[in-house]
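Please look over the structure shown below, and then read the notes that follow on its enclosed spaces and on one of its helices.

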Amino acid sequence: MDYEGFFQTELEAVRGEGRYRIFAEIERHRGAFPKATRYDDEGGTQDITVWCSNDYLGMGQNPKVIEAMHQVLDECGAGAGGTRNISGTNHHHVLLERELADLHNKEAALLFTSGYVSNWAGLGTLAGRIPGCVVFSDGLNHASMIEGIRYSKAPCRIWKHNDPADLDRLLSEYGPEVPKLVAFESVYSMDGDIAPIAEILDVCEKHGALSYIDEVHAVGLYGPRGGGVAEREGLMDRITVIEGTLGKAFGVMGGYIAASAALCDFIRSFASGFIFTTALPPALAAGACASIRHLKESQMERARHQERVAKVRHRLDVLGIPHLPNPSHIIPVMVGDPVKAKMISDWLMDNHGIYVQPINYPTVPKGTERLRITPSPVHSDGDIDRLIEALSDIWSQCELARRSMAA
């Protein structure tokens with residue numbers, strides 16, 4: 001077989017559909033977020049403003065976080081020294097797990113190297129090792145959740161997105177003797193909609209099902225202490241497993257689950273994604289701990305964040321630039337064509353130094369291509385003005401439809 005030829009043919013097919021991904025090479029600057037430097041292919045640079053970061057609150061630049069990481073880097077060195085089972089459990093891992101358990105009012109928490117791994121290992125281990133378990137997965141669950149469920153080899157039923165009635169219908173097909181695990185998210189990252197958590201939990205409890213919620217796009221951002229949508233709605237105690245990330249609103253890196261002590265110990269003891277993976281560097285754990293502690297106490301970042309999001313939405317509405325209405329902080333500006341989405345992204349970067357990555361298939365369905373805008377507390381009024389004016393200009397150039405505010 002001509003392997004190289006096969007690779008090139010497949011890549012050309014992606015290019016032909018207009019969805020070949022090119023990563024912008026950027027360098028963030030401490031204390032200056034959302035400003036950054038872009039490096040082009042010729043070795044030149046350009047000052048840009050980042051509008052698509054998942055560092056939603058700018059905590060990756062927070063002085064408390066950076067100071068904590070510097071201190072522990074000096075104290076402990078760069079790496080963890082291995083997997084936690086052999087040589088890598090550090091005091092700062094333990095402190096962070098305690099902080100996370102407290103954040104979610106759970107008995108325990110367990111760290112992973114990323115949110116992807118925590119979902120893959122958590123769901124894969126639970127569904128795969130509970131005898132006869134059937135998984136019920138929301139139709140728009142993240143790829144990491146889907147891969148974990150596939151890895152478990154457990155039977156899986158897909159219920160209609162955010163539809164508790166459909167979940168109830170599917171669960172009703174199984175008797176009380178069948179172990180059941182319901183997996184869903186709180187904030188869905190591409191459309192920005194929020195699950196009806198209370199209604200889903202009502203159905204879970206009715207059928208004796210375990211509940212597993214992915215709060216990666218909500219932790220730090222919602223709730224009086226940043227515990228997520230479930231904390232905001234007073235529901236954390238009803239959820240079996242709360243999964244989250246340290247790499248978005250907390251501004252660092254890593255993933256975790258929070259649950260009962262027995263469940264966390266079960267995952268720790270059986271999940272290959274935990275057992276055989278080098279532990280997070282202690283400095284990262286310390287930075288995450290500092291970020292969580294700060295956001296447990298400070299409301300300023302969350303309040304400013306919500307105000308910035310509302311302002312961007314209003315400005316888009318005034319100009320008729322279509323975006324999906326949702327109750328979260330994610331603003332999907334809808335283009336509906338992969339070629340135009342990339343063209344708009346390139347034009348914004350080249351002409352205005354505005355970085356918004358296009359989102360194409362397979363991340364979103366074909367025909368729903370978009371720009372995913374994520375305002376932060378540190379985007380200024382001037383940043384918003386430049387974004388909106390540039391979007392309005394390119395929208396007209398591309399002859400894309402606008403809508404009235406009444407629509």
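## The largest cavity

The largest cavity holds about 110 Å³ of space, where a cavity is a set of points on a 1 Å grid over the protein atoms alone at which a 1.4 Å probe fits but cannot get out, and a volume is the space filled by probe spheres set on the points. This is a predicted model, in which local features need pLDDT of at least 70 and side-chain atom pairs count only at pLDDT 80 or more, while totals for chains, interfaces and linings use all residues. Residues are numbered from 1 along each chain as its sequence is written, and side-chain values use heavy atoms, with hydrogens and water left out.

Among the lining residues, which have an atom within 4 Å of a point, are Arg84, His93, Phe112, Phe274 and Leu280. Both β4 (108-112) and α10 (272-275) supply at least two residues of this lining, which divides into six nonpolar, five polar and one charged.

## The second largest cavity

With a volume of about 30 Å³, the second largest cavity is lined by residues including Phe33, Trp51, Asp55, Pro375 and His379.

## One side of helix α5

In helix α5 (residues 143-152), the buried residues, those under 20% relative accessible area with a 1.4 Å probe and protein chains only, are Ser144, Met145, Gly148, Ile149 and Ser152. They lie on the same side of α5 because they cover an arc of only 135° around the axis. What covers them includes α4 (115-129), β5 (134-138) and β8 (210-214), and α5 is followed by lysine 153, whose phi is positive, near 65°.

Technical notes
Buried means under 20% relative accessible area, exposed over 50%, partly exposed in between (1.4 Å probe, protein chains only). Helices (H or I, at least four residues) and strands (E, at least two) are DSSP runs, numbered from the N terminus. The arc is that of the directions from the helix axis to the C-beta atoms. Contact means heavy atoms within 4.5 Å. On a 1 Å grid over the protein atoms alone, a cavity is a set of points where a 1.4 Å probe fits but cannot get out, and a pocket is an open set with protein on both sides within 12 Å along at least five of seven lines; lining residues have an atom within 4 Å of a point. Ala, Val, Leu, Ile, Met, Phe, Trp, Tyr, Cys and Pro count as nonpolar, Asp, Glu, Lys and Arg as charged, and the others, Gly among them, as polar.
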